[in-house]
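Trainee: Could you take me through one part of this model in detail? I would like to follow how its strands fit together, and then see what the neighbouring loops do.

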Amino acid sequence: QVQLVESGGGLVQAGGSLRLSCAASGSIFSINAMGWYRQAPGKQRELVALIGSGGINYADSVKGRFTISRDSAKNTVFLQMNTLKAEDTAVYYCNAVLKLTSWDSYRNSWGQGTQVTVSS
């Protein structure tokens, strides 16, 4: 059983900052990548930022404002969000691409989501 637990969401004014955290726990053999996705009302879930063996990727809309980092020893990923805009309002989901055993295939695991609301 794997759990991804997010924290750090909330309400902030435009131009403000928030820091999201996500910790993965359970019987995990290895994690290839961790990242953040978001879903606004009426829209599809989209990638925000990803960090892993392939490097770091950001959505164009957050480049220069958001920074993803990872503590591999603690299976934790962070998302520092600066200069927030109203259009950043969404539920943010933590994602981990992981395997439970050495012979397992990598699979996606998701957190429950945390609400980020930016008031203009």
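Mentor: Happy to! Let's begin with the open sheet, where four strands are arranged in the order S1-S3-S8-S7 with antiparallel pairing. S1 and strand S7 (66–71) are at the edges; each has a single partner strand, so one side of each is left without a neighbour in the sheet. From one strand to the next, the twist averages 15°. Do keep in mind that this is a predicted model.

Now walk across the sheet from the S1 edge. Strand S1 covers residues 2–7, and its side chains alternate between two faces. Val 2, Leu 4 and Glu 6 point to one face and are buried, while Gln 3, Val 5 and Ser 7 point to the other and are not buried. S1 runs antiparallel to strand S3 (residues 18–26), and six bridges join the two. One residue to find on screen is Ser 7, whose bridge partner in S3 is Ser 21.

The next step takes you from S3 to strand S8 (residues 76–81), again an antiparallel pair, joined by six bridges. Here you can look for Leu 18, which has Met 81 in S8 as its bridge partner.

The loops around these strands have some backbone details worth checking. Most residues other than glycine have a negative phi. Asn 75, in the loop between S7 and S8, is not a glycine, yet its phi is positive, at about 50°. Asn 75 counts as partly exposed, at 22% relative accessibility. Past S8, in the loop that leads to S9, sits Thr 83. Thr 83 also has a positive phi, of about 45°, although it is not a glycine, and with a relative accessible area of 45% it is partly exposed.

On the other side of S7 in sequence, the loop between strand S6 (55–58) and S7 holds Ser 61. Its relative accessible area is 39%, so Ser 61 is partly exposed. The C-alpha atoms of Ser 61 and Val 48 are 8.3 Å apart, with their positions 13 residues apart along the chain.

Finally, follow the chain to strand S9 (residues 90–99), where you will find Lys 99. Lys 99 is buried but has no salt bridge, and the nearest side chain of opposite charge, that of Asp 104, is 7.5 Å away. Leaving aside residues up to four places away in sequence, Lys 99 touches Ile 28, Phe 29 and Ser 30, as well as Asp 104, Ser 105 and Tyr 106.

Key: Residues numbered from 1 in each chain as written. Predicted model: local features only at pLDDT ≥ 70, side-chain atom pairs only at ≥ 80, totals over all residues. Heavy atoms only, no water. Buried < 20%, exposed > 50% of the residue type's maximum accessible area, 1.4 Å probe, protein only. Lys, Arg positive; Asp, Glu negative; His and termini not counted. Salt bridge = Lys/Arg side-chain N within 4 Å of Asp/Glu carboxyl O. Contact = heavy atoms within 4.5 Å. Pairing = 2+ DSSP bridges. Axes fitted to C-alpha atoms, helices over the stretch in contact; angles between N-to-C directions.
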